[in-house]
Amino acid sequence: MVLAHTDTRITDRYPTRLGGPAPHLDRPDPTVWGRIEHEELASFDVDGFAILDALLTPGEVADFSAEIDRLAGDPALHGDDRVIVEKSSNRVRSIFEVHRLSAAVAELVQESRVAGLARQVLGSEVYLHQSRVNYMPGFHGAGFYWHSDFETWHAEDGMPAPRAVSLSIALTNNYSINGSLMMMPGSHRTFVPCTGSTPAEHYRESLQEQEIGVPSRADVATLANRYGIAQFTGAAGSALLFDSNVMHGSSNNITPFPRSNIFLVFNSVANTPVEPFAAPGRRPGYIGSRDFTPV
């Protein structure tokens, strides 16, 4: 049974994981809480995302690519809960808490060209809610169905408001054909309540394939017809910064061209999670951090 949220100081303005379909909600919170100074973030408020060309240099791309290959092949990490494998192929799909496993990633997180982007949008100091590396190998890479990250972070981590952003840094070329991320521009202004209760330790299944906390096909069709669909393509070293409530997803990669990225989630220190709003208990810290130390 899912426990009701018990902190009476926090009003649940984004109810989800309900017993039946519910109307979409207009987002009451702003998208940009601070002041945008970076030119490439000019469209962030309207679209809910921005593409940054050449965030990393070619040399840095090579170094980080070697680093994530090292992590994927590290025998000390075999069987570690932070390593998520593909359901069908048993290949490494994601490695979580990568900033604690890699000194190079930890240093990158701290840089103003990275954390500074989040501070501009969120208008406050930020901490790292989640970090991971995503691997999508050629021929075998499984996609991610349409979803809003905030829906999960709200329901299962207790994040009160969508005052968080994700930065996806490409370590390989993102083509339109190799499973690159699709987004619905402007969908961050609409919250889609999902149906179904959250099982205990739901994260063990959802990190491989999410079935609870995803919109219905009718929801996806409504949003796609309203907002359209865009795709993140770009060379290795480019990056995508996007709002936590943007509806996004990716298709399988059946091409020979792999796709991998460093994925960093920054949350405002004024938006720290409470108890989960629609789950029996907290997810592990390597998925939803409770270390609110600013970066």
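## Helix α4 and its packing

In this predicted model, the buried residues of α4 pack against three helices, α2 (58-72), α3 (98-101) and α5, and against the strands β5 (126-136), β7 and β13 (259-268). Those buried residues are Val105, Leu108 and Val109, within a helix that spans residues 103-110. Viewed down the axis of α4, they fall within an arc of 100°, so they line one face of the helix. An α-helix has 3.6 residues a turn, so residues three or four places apart point the same way. The face turned away from the buried side carries exposed Ala103 and Glu107.

## Nonpolar cores

The largest nonpolar core holds 39 residues. Val165, Leu167, Ile169, Leu241, Ile262, Leu264 and Phe266 touch the most other members. Helix α5 (residues 115-122) gives the most to this core, with 5 residues.

Leucine 167 has contacts beyond its neighbours within four places in sequence. Among them are Leu55, Val114, Leu117, Leu241, Ile262 and Leu264. A second, separate core has 15 residues, including Phe49, Trp153, Leu181 and Val246.

## Arginine 163

Arginine 163 sits in the loop between α6 (149-157) and β7 (164-170). Arginine 163 is buried, yet has no salt bridge. The nearest side chain of opposite charge is aspartate 29, 7.9 Å away. The side chain of arginine 163 does reach the backbone oxygen of leucine 122, at 2.8 Å.

Leaving aside neighbours within four places in sequence, arginine 163 is in contact with Trp33, Leu122, Gly123, Ser124 and Ser244, and also with Asn267, Ser268, Ala270 and Asn271.

Key. Residues are numbered from 1 along each chain as its sequence is written. This is a predicted model: local features need pLDDT of at least 70, side-chain atom pairs count only at pLDDT 80 or more; totals for chains, interfaces and linings use all residues. Side-chain values use heavy atoms; hydrogens and water are left out. Helices (H or I, at least four residues) and strands (E, at least two) are DSSP runs, numbered from the N terminus. Buried means under 20% relative accessible area, exposed over 50%, partly exposed in between (1.4 Å probe, protein chains only). Lys and Arg count as positive and Asp and Glu as negative; His and the chain ends are not counted. A salt bridge is a side-chain nitrogen of Lys or Arg within 4 Å of a carboxyl oxygen of Asp or Glu. A polar contact is a pair of N or O atoms within 3.5 Å; within protein, one must be able to donate a hydrogen and the other to accept it, and residues adjacent in sequence count only if both atoms are side-chain atoms. Contact means heavy atoms within 4.5 Å. A nonpolar core is a set of buried Ala, Val, Leu, Ile, Met, Phe, Trp, Tyr and Cys residues joined through side-chain atoms within 4.5 Å. The arc is that of the directions from the helix axis to the C-beta atoms.
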